[in-house]
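Let's take a walk through this protein together. Have a look at it first, and then we'll go through it piece by piece.

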Amino acid sequence: MGRHDRRRAQPVALGRVAVDHPGAGAGDHRRLDLSRGRSPDRQPDRAEAAMTDRPLLSLQQLAVTYPGAPLPALQGIDLRLAPREKLAVIGESGSGKSTLARAIAGLLPGGSHVGGDLIWSGDTPVPGRDIGFVFQDPGGSLDPLLSIGAHLVEVLRTHLPLSPRAARDRAGDLLAQVRLPDPRAALEGYPHQFSGGQRQRIAIALAIAAGPALLIADEATSALDVLVQAEIVALLRDLAEARTMALIFVTHDIGLAAQLADRIAVLRNGRLQEIGPTARVLAAPQAEYTRQLLAAHLDLSSPPLVEARG
Ligand SMILES: Nc1ncnc2c1ncn2[C@@H]1O[C@H](COP(=O)(O)OP(=O)(O)OP(=O)(O)O)[C@@H](O)[C@H]1O
């Protein structure tokens, strides 16, 4: 795992997490029937129905309780993520968005209790290689004493069989892909020499360096001003599409979610309120809570969210 991951909470096991409900024995997740455990009364939406039979990730009744917490931060989460899908997870503060992101990435604090199933297609993913994670504060991913090039070379060489020179070349390419001005010169720079938006681009370059199948951006734009937010959202969307990578975009801003997501999942009090294609959730929300989020977002200056998807 790269330096940017090591600074975070110790990961719990990835792959199939099967803990505390009846019938959830451990086993080879690759041999499981992925349709198992879906509630019979739940009508799959069209985006879900169009999914391949082999989702990248399937959550079944996922529940998370932090160490010492009296109540679960997440419970009863059923969710399937298709390869290359862009999913936005929205909800108010404390609704469990980051907990969901951390559970998927294996970044929950040690001692957290995880119930239900978290099933990956293929091999158990390696955090930092198969799952990239971008945090709200890019500073947390960057060591002030290391050049940007050194950060990238370390992550690249940790996960890929590259010579120092090839890793350096790849690092420059990555900075170009995240649209950092003068990427070759930026390799020599140090974190404090870049703006908040530029540091977030660098953090994204680190997160995608090893070619993950899934990128998780947890409030990655919340600390940025509105124009930079829109640029980063466009960058994440374009990277996901160009690299055939799935994206989970965690945000409290339904407007930003609308700009990039194929589907939107709405969380409240640790439970999934609804999930569906973006246009449907925006135009015909099923949950009263989603209607409230939309009403809170819309004012006279807001453009229509459905048209904002362009
Ligand atoms: N490390 C932790 N230990 C104990 N409880 C936690 C921890 N992290 C989060 N929680 C609690 O879990 C619940 C969900 O928090 P979470 O951070 O997932 O919500 P969120 O929707 O991401 O909120 P925000 O938008 O403010 O980041 C909250 O009640 C929070 O207080």
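Which residues have the most contacts inside the largest nonpolar core? Keep in mind as we go that this is a predicted model. The residues to look for are L152, A205, I216, L236, I248 and F249, and the core they sit in has 85 residues. Helix α7, which covers residues 196-208, gives the most to this core, with 7 residues.

Let's pick one of those core residues and see what's around it. If you set aside its neighbours within four places in sequence, I216 is in contact with A101, I104, A105, I131, F133 and I248. One of these partners, I248, is also on the list of core residues with the most contacts.

Now step back to the whole chain. There are 12 helices and 9 strands here, and buried residues make up 44% of the 310 residues. Take the contacts between residues at least 6 apart in sequence: 71% of them join residues at least 24 apart. As for what the records say, UniProt has an unreviewed entry that places the feature "domain: ABC transporter" at residues 57-294. That span is 37% helix and 24% strand, and its end C-alpha atoms lie 28 Å apart.

Next, helix α3, residues 97-105. Is this helix enclosed or open? It's largely enclosed by the rest of the structure, because 8 of its 9 residues are buried. The buried ones are K97, T99, L100, A101, R102, A103, I104 and A105. You've already met A101, I104 and A105, since they are among the contacts of I216. Just after the helix, G106 takes a positive phi of about 75°.

Strand β4, residues 113-120, tells a similar kind of story. With 7 of its 8 residues buried, this strand is largely enclosed by the rest of the structure too. Its partner is strand β1, residues 57-65: the two run antiparallel and are joined by 7 bridges. If you want a pair to find on screen, V64 stands opposite V114 in β4.

What surrounds the ligand? There are 13 residues around it, and the closest are Y66, A73, S93, S98 and T99. By type, this shell divides into 4 nonpolar, 8 polar and 1 charged. T99 links back to the helix we just visited, as it is one of the buried residues of α3.

On to the loops. S141 lies in the one between β5 (131-134) and α4 (148-159). Being in a loop doesn't leave S141 out in the open: it counts as buried because it has 25 C-beta neighbours inside 10 Å, where 20 or more are needed. From S141 to A176 is 35 residues in sequence and 19 Å in space, C-alpha to C-alpha.

Our last stop is the loop between α5 (164-177) and α6 (183-186), where R179 is placed. D182 is found in that loop as well. R179 has a positive phi of about 60° although it is not a glycine. For D182, another residue other than glycine, phi is positive too, near 50°. How exposed are they? R179 has 17 C-beta neighbours inside 10 Å, so it counts as partly exposed. D182 has 10 such neighbours, and therefore counts as exposed.

Conventions:
Residues are numbered from 1 along each chain as its sequence is written. This is a predicted model: local features need pLDDT of at least 70, side-chain atom pairs count only at pLDDT 80 or more; totals for chains, interfaces and linings use all residues. UniProt positions are given in the numbering used here, feature names are shortened, and annotations may be inferred rather than shown by experiment. Helices (H or I, at least four residues) and strands (E, at least two) are DSSP runs, numbered from the N terminus. A residue is near a molecule or strand if its C-beta atom, placed from the backbone, lies within 6 Å of it. Ala, Val, Leu, Ile, Met, Phe, Trp, Tyr, Cys and Pro count as nonpolar, Asp, Glu, Lys and Arg as charged, and the others, Gly among them, as polar. A residue is buried if 20 or more other C-beta atoms lie within 10 Å of its own, exposed if 12 or fewer, and partly exposed in between; C-beta atoms are placed from the backbone. A nonpolar core is a set of buried Ala, Val, Leu, Ile, Met, Phe, Trp, Tyr and Cys residues joined through C-beta atoms within 7 Å. Two residues are in contact if their C-beta atoms, placed from the backbone, lie within 7 Å. Two strands pair if DSSP finds at least two bridges between them.
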